[in-house]
Amino acid sequence: MLSPARSAVARLMPNGASPPVADEVRRTLERDDARASEEAVDSIVRHATATVPFYRRRVGAPFDQLPVASKPMMVADPQDFFAVGSRPEKLTSRLSSGTSGIMFRSYFDDQRIAHHRAELVGMYRFLGADPFGSFLHCRTWYQVTSRQRSSYALRGQYLYAAEQDDRTVRDIARWLRRRRGSVIIGLCSYMEVLFERFDDLGLTFDSGTVSVVLGGGEPPTAHLAELARRQFGVELRMRYSNTENGLLGITPAGSTTYKLNTSAFHVEILDLDSDEPAPAGELGRIVVTDLHNRAMPFIRYDTGDLGRFTRDASGQLVPNTLAELAGRVRDFPIAGTAEAPRRATHFRILEPVERIRSITQFQLRQHAIGRFTWILSAARSPQLEAELRRVLDDEIGDITSCSFVYTDATLHSGAGKRQTFVNEIPDPEALLRPGRSEIGTATDA
């Protein structure tokens with residue numbers, strides 16, 4: 001039987017979420033050596049091989065020899081991934097935004113949803129924020145309806161969809177000032193638009209008005225971090241999550257590394273071109289096993305993201321910390337020539353661009369092998385263009401076309417998220433496959 005104090009805490013938790021789970025998540029994120037429980041991994045695998053058709057055909061296979069599941073596989077035959085007896089129409093589901101190019105609906109049993117809610121409580125406590133306080137959510141415009149605004153308002157929360165008119169911006173400032181310790185969370189570019197408008201209107205905030213600024217969904221800029229620090233006196237924090245699994249990791253204070261939520265996930269970094277572990281400390285595909293979703297188990301699920309584990313002082317991998325989170329798998333440039341293509345890493349191109357203060361926003365687009373366009377929010381400059389051509393030459397080489405477009409517009413992809421690199425080649429992976437057909441002759445955009 002719960003003590004009166006424990007009962008009071010439980011009543012505060014959302015929809016049956018467990019206080020011990022929230023505490024476990026917070027402790028996990030605080031530890032430097034946390035890792036997923038072997039018993040938890042074995043348990044979800046035993047459940048899947050006993051009840052899920054895809055895994056029943058693989059009973060007895062060691063964990064590291066189970067096939068890596070991917071979004072296309074699960075979209076092609078979702079019934080193959082449901083546990084026997086699961087009824088999708090009775091399960092909670094979420095539809096991904098399709099930034100990977102594939103729309104996907106994932107399903108969760110009630111226990112997984114309750115665990116996820118407790119994970120969120122633990123995460124906000126790790127950040128030093130009140131999980132039940134006021135939240136300003138910066139969401140893509142198509143996710144913000146009048147009904148949703150009303151629903152969120154009843155819970156003391158505010159939905160913002162990048163409106164820039166004076167009235168909306170001033171209303172948000174008043175809302176924040178009345179709610180000390182608020183959390184601002186959402187897409188980095190949307191927060192940046194709002195914070196810039198605060199500056200435009202001369203709106204300032206007392207220390208403590210905002211407890212956390214938490215970005216996600218797209219790369220942050222140094223400008224956003226500076227705005228958060230100057231306007232609210234807090235460091236920008238970043239969240240790593242996806243629709244299919246939930247909260248995967250969070251950046252600690254003063255760090256750009258991601259602490260992984262190993263209380264809920266086992267995380268692997270696999271080679272870019274095979275299902276073998278990536279070389280120690282090297283960039284690879286982020287593959288997760290959800291330890292708690294029993295209705296639709298995600299075991300060795302390729303998230304579509306790239307990253308690498310941190311190394312400790314002795315050179316050993318730290319399996320609960322990502323040193324780098326480098327975007328979608330398909331969001332990589334192709335270097336070399338049509339006869340000898342090779343994979344490049346766009347962050348090595350974009351890092352030096354971040355240091356060019358005259359550029360407010362940028363996006364690099366690859367149309368075909370050797371053909372690129374820089375889209376820039378900056379003053380037109382031959383010197384700037386020469387520097388950006390040099391950056392491309394250093395990492396890519398064999399540049400046949402490099403054009404420049406100047407704009408004042410916010411640089412979003414079709415799903416409303418900012419992307420600093422977009423590969424317009426239909427299937428860049430195909431260029432690297434043995435026996436490939438020639439691809440990459442698309443016309444310039």
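**Group meeting: a mixed sheet, two cores and a helix crossing**

Let me begin with strand 16, residues 361-368, which is mostly covered: of its 8 residues, 8 are buried. I should say at once that the model shown above is a predicted one.

Which strands does strand 16 pair with? One partner is strand 17, residues 371-377, and the pairing there is antiparallel over 7 bridges. Another is strand 19, residues 421-423, where the pairing is parallel over 3 bridges.

Individual bridges help to fix the register. On the strand 17 side, Gln361 has Ser377 as its bridge partner, and Phe362 has Leu376. On the strand 19 side, Arg365 is bridged to Val422. Strand 16 and strand 17 form a hairpin with 2 residues between the strands, and in this hairpin Gly370 takes a positive phi near 80°.

Now to the sheet as a whole. It is an open sheet of 4 strands, in the order 18-17-16-19, and the pairing is mixed. Strand 18 and strand 19 are the edge strands, each pairing on one side only. Neighbouring strands in this sheet are turned against each other by 15° on average, with direction ignored. Helix 12 packs on the sheet and touches strand 16, strand 17 and strand 18; the direction of helix 12 makes about 135° with that of strand 18.

Before leaving helix 12, I would draw attention to the segment that follows. The loop between helix 12, residues 382-395, and strand 18, residues 401-406, contains Asp398. Asp398 is not a glycine, yet its phi is positive, at about 55°. As a general matter, most residues other than glycine have a negative phi. Is Asp398 buried, partly exposed or exposed? Asp398 counts as partly exposed, because its relative accessible area is 49%, and the exposed class begins over 50%.

A second case of this kind is Ala162, another residue other than glycine with a positive phi, here near 70°. Ala162 lies in the loop that joins strand 4, residues 157-160, to helix 8. Its relative accessibility is 21%, so Ala162 is also classed as partly exposed; the buried class requires a value under 20%.

That loop brings us to helix 8, residues 166-177. Helix 8 packs with helix 9 at an angle of about 95°, and the two axes are 10 Å apart. The angle therefore makes helix 8 roughly perpendicular to helix 9. Which residues meet at this crossing? Helix 8 contributes Asp166, Val169, Ile172, Ala173 and Leu176, and helix 9 contributes Leu194, Arg197 and Phe198. Sorted by class, the contact comprises 6 nonpolar residues, 2 charged residues and no polar ones.

I turn next to the nonpolar cores. In soluble globular proteins, nonpolar side chains tend to be buried together. The largest nonpolar core in this model has 67 residues, and those with the most contacts inside it are Leu136, Leu176, Ile184, Phe195, Phe198, Val213 and Phe232. Helix 9, residues 188-200, supplies the largest share of this core, with 7 residues. Leu176 and Phe198 were also named at the crossing of helix 8 and helix 9.

What does Leu136 contact, if neighbours within four places in sequence are set aside? Its contacts are Tyr158, Tyr160, Ile172, Trp175, Leu176, Val183, Ile184, Ile185 and Leu194. There is also a second, separate core of 21 residues, including Leu388, Val391, Ile396 and Cys402.

Finally, two buried residues and the chain positions they are paired with here. Ser96 sits in the loop between strand 1, residues 92-95, and strand 2, residues 105-108. With a relative accessible area of 5%, Ser96 is buried. Where does Thr243 stand with respect to Ser96? The two residues are 147 residues apart along the chain, while their C-alpha atoms are separated by 5.6 Å.

Leu306 belongs to strand 12, residues 301-311. Its relative accessibility is 6%, so Leu306 counts as buried. Between the C-alpha atoms of Leu306 and Ile269, the separation is 8.2 Å, and these residues are 37 residues apart along the chain.

To close, I return to the starting point: strand 16 has strand 17 as an antiparallel partner and strand 19 as a parallel one, with helix 12 packed on the sheet.

Note on methods. Residues numbered from 1 in each chain as written. Heavy atoms only, no water. Buried < 20%, exposed > 50% of the residue type's maximum accessible area, 1.4 Å probe, protein only. Pairing = 2+ DSSP bridges. Core = buried A, V, L, I, M, F, W, Y, C linked by side-chain atoms within 4.5 Å. Contact = heavy atoms within 4.5 Å. Axes fitted to C-alpha atoms, helices over the stretch in contact; angles between N-to-C directions. Parallel < 35°, antiparallel > 145°, perpendicular 65-115°, else oblique. Nonpolar A, V, L, I, M, F, W, Y, C, P; charged D, E, K, R; others polar.
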